[in-house]
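This report goes through one protein chain, from its overall form down to single residues. Please look at the chain as a whole before reading on.

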Amino acid sequence: MADVPADLEAVLKDAHLPALMTALVQMTGDLGWLKPEWTPVYNPLSRGDPGLPEEEQAKIRKQAAAAIAEYLAGKPLQMPNPPLDVLRKQMDFVGGAPIPEQYVDFLVDELVLKGRSTKEPHFDTPRLKEAARKLNVLVIGAGMSGLLTGIRLSQAGVPFEIVDKNPDVGGTWFENSYPGCRVDNSNHMYSYSFEPSHEWPQHFSPQPVLLEYFRGIAAKYDLKTHIRFETLVESLTWDEAKGVWRAQLKGKDGKTETVEARAVVTAVGQLNQPRMPDIEGLASFAGPAFHSAEWRHDVELAGKRVGVIGTGASAYQFVPEIAPQVAHLTVFQRNPPWGLPVPHYHEDVPEGMKWTLEHVPFYDKWYRFWLFWMTTEGFLPMVKTDPTWNGPPTAVGPDNAMLREMAVASYQAQLADRPDLLDKVTPQYPIGGKRAVLDNGVWLGALKRPNVELVTDKVAKITPKGVVTADGQEREFDVLIYGTGFQASNFLSFLKVKGRGGRDLHDTWGGDARAYLGMTLPGFPNFFMIYGPNTNIVVNGSIIFFSECAVRYIVGAVKLLAETGAQAMEPKQAVFDDFNRRVDEANAGWAWGSPNVSSWYKNSFGRVSQNWPFGLIDYWRATLAPNPDDFVLEREREPVA
Ligand code: NAP
């Protein structure tokens, strides 16, 4: 037990009060912490201010400090595992309003209370364990999803190997090391549900911190012994007779090797192939030129004339970092990003909050729960297309128009001294059409600097000296940086995949990648994708949640193979077609599906190939376990009893 801080009430000033009161129910067994008049106000944009007068908050903190002191002095937890009716009351309280019944099992799962997670694999019987041991899985990628897959497969007792092209774990958090790179989801939610960290230094921590977190996970779960680094999986070929995938691997030394696996899981993300723009003369630039995801740390920017092409989420983070160093910075913008006000985007987690996370049992869970519920469906109505909307195409409905007004007001306030910039930085597409960025003022602050110029004329060509815009003006640079995004809709473009009967994956897709639940497709047995087609989220939640659901489903599929003795499984064509029809219909109903928006969410056919168009709860339910009726199972032997 920790010592009680002398100033515990002051320490608790940094805590999220609704989450603290909710946790205290479990510590004290007293439901009196959930007084109706203490219920916080529901607001997806708030930071959890309970909306109570300061004297009332002080009174609550005083009582809380007394309860915590008793606990730290040795008093046992009074209700560590509350019954469902109490959990329900806790949820309604911290959420600020009664939570609809259909969310309850989903939210209980996300809380990860002891013995209550659906995401932990259970391969219970000795025969099932034995059958699982005979399977083996090849995982491509050692980033957030690949490590998670490794954890779950090892918990299930299924042999696996992870192959990654990089020399370390971390995936996107290894590759993107540009200045200012940080997570744009609160870290207390952007972390595995079963691996909270009480040490996040900031609410949205910088990339090196994220990388350390994933390194720590790999060490804790002893995953490195399963990982082959600096190795590329070049091709996969389904061997019909043996019911295995044959994977050709290429090591750093150029040597190739073939390995076999009963199932393959791709865990390579949607944003792992940098996209250089198709601009005339691109290769002719004489100075250093690089993409944000391949940052050249050896190139000195101080005192240089630097040109940046692109103003997406990456440029939005690195431009404010480099602007003070360079002699002059020119930012070439095609479409501006929408920034949503998040004043604490760069703030440290206060020490009192860290103390409470570490020492008050269940506080971390309820704080995460609050973050999760606020973003689960909280924001979605604001980016929903209203079919009756007859306002301007800069919004998709009245809520969306209201959000726009709020964001514009924030831009106006920030640009009171530079009204000339306002039109340039205000997007003409609806909020939610592209990934919105978190605005704490540093972006517009950078654009206002005397050494920074924002150019909105079209880039016409690149020359050895610099960039020529459509008006014929040439600007000269020492360094060019491309913040031009990724080849997101070219799923698995690095990988040749030959499925059943030699069917080629990329020919099958024809540039329009689709999958059932983002994971499987007919003709490609035992082939599973994490963060595959139509599993990206735009405004609600963290992608780690999606990976946890997908991995649960994939491990469930492996369990199905072990249980049934089937050699192979693939989704039925009708199931796949029906799912994709529903996805396309639903995607049209959101801002990102609007015909007025072009973004990386859409492929070259204009189809939204990246995004999940339903709620988080729908993905959670759909991925609880594979429904055997959705699949063609190829039998090999008698099922396991
Ligand atoms: P992006 O959002 O696709 O942005 C690319 C930028 O390059 C856009 O401004 C685009 O303009 C511009 N562009 C592309 N081709 C161009 C051309 N030929 N001429 C001029 N401009 C051109 O890429 P990103 O910034 O790397 O972000 C990709 C995604 O990664 C994000 O949406 C987000 O999901 C994720 N991300 C997350 C974080 C985080 O905070 N955790 C940070 C970075 C990235 P248009 O808008 O006109 O196409």
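What follows describes the whole chain, then its sheets, then two helices, and then a few backbone angles.

## The chain as a whole

The structure shown is a predicted model. Its chain contains 19 helices and 21 strands. Along the principal axes, the C-alpha atoms occupy a box of roughly 75 × 75 × 50 Å. For 641 residues, a compact globule would have a radius of gyration near 26 Å, and the chain agrees with this because its own value is 26 Å.

Of the 641 residues, 58% count as buried. The accessible surface of the chain is about 25,400 Å², and carbon and sulfur atoms hold 53% of it. Contacts between residues at least 6 apart in sequence were also examined: 72% of them join residues at least 24 apart.

## A parallel sheet of five strands

One open sheet has 5 strands in the order β3-β2-β1-β7-β19, and its pairing is parallel. Its edge strands are β3 and β19 (527-529), each of which pairs on one side only. Helix α7 (residues 144-156) packs on this sheet and touches β1, β2, β3 and β7 (263-266). The direction of α7 makes about 170° with that of β2.

Inside the sheet, strand β1 (residues 137-140) and strand β2 (residues 160-163) run parallel and are joined by 4 bridges. Val139 has Ile162 in β2 as its bridge partner.

## A mixed sheet of four strands

Another open sheet has 4 strands in the order β6-β5-β4-β18, with mixed pairing. The strands at its edges are β6 (256-261) and β18 (496-498), and each pairs on one side only. From one strand to the next, the twist averages 20°.

Strand β5 (residues 244-251) pairs with β6 in the antiparallel sense over 6 bridges. Within this pair, Gln248 has Thr258 in β6 as its bridge partner.

## Strand β10 and its neighbours

Strand β10 (residues 328-332) pairs with β9 and with β13. Which residue of β10 stands opposite Val308? It is Val331. In the pairing with β13, Thr330 stands opposite Glu453.

The table sets out the strand pairs with their bridges.

| Strand pair | Sense | Bridges |
|---|---|---|
| β9 (residues 305-309) and β10 | parallel | 5 bridges |
| β10 and β13 (residues 452-455) | parallel | 4 bridges |
| β1 (residues 137-140) and β2 (residues 160-163) | parallel | 4 bridges |
| β5 (residues 244-251) and β6 | antiparallel | 6 bridges |

Why is β10 described as largely enclosed by the rest of the structure? The reason is that 4 of the 5 residues of β10 are buried. As a general point, side chains in a regular strand alternate between the two faces of the sheet.

Strand β9, helix α10 (residues 313-322) and strand β10 together make a right-handed β-α-β unit.

## Two mostly covered helices

Helix α10 is mostly covered, with 8 of its 10 residues buried. Among the buried residues of α10 are Tyr316, Phe318, Val319 and Ile322. The buried residues of α10 pack against β9 and β10, and also against β12 (437-439), α15 (442-447) and β17 (479-482).

Helix α5 (residues 104-111) is mostly covered too, since 7 of its 8 residues are buried. Its buried residues include Val104, Phe106 and Leu107, and also Asp109 and Glu110. The buried residues of α5 pack against four helices: α4 (84-95), α12, α17 (543-564) and α19 (616-622).

## Residues with positive phi

Val112, just after α5, takes a positive phi of about 50°.

Glu230 also has a positive phi, about 50°, although it is not a glycine. This residue lies in the loop between β3 (227-228) and β4 (231-239). Glu230 is partly exposed, because its relative accessible area is 30%.

Phe362 is a further residue other than glycine with a positive phi, near 75°. Phe362 is found in the loop between α11 (351-359) and α12 (363-376). Is Phe362 buried or exposed? Its relative accessibility is 14%, so Phe362 counts as buried; the cut-off for buried is under 20%.

Definitions and conventions:
Residues numbered from 1 in each chain as written. Predicted model: local features only at pLDDT ≥ 70, side-chain atom pairs only at ≥ 80, totals over all residues. Heavy atoms only, no water. Buried < 20%, exposed > 50% of the residue type's maximum accessible area, 1.4 Å probe, protein only. Pairing = 2+ DSSP bridges. Right-handed = clockwise from strand over helix to strand, strands pointing away. Axes fitted to C-alpha atoms, helices over the stretch in contact; angles between N-to-C directions. Rg over C-alpha atoms; globule rule 2.2 N^0.38 Å. Contact = heavy atoms within 4.5 Å. Areas by Shrake-Rupley, 256 points an atom, 1.4 Å probe, with all protein chains shown as cover.
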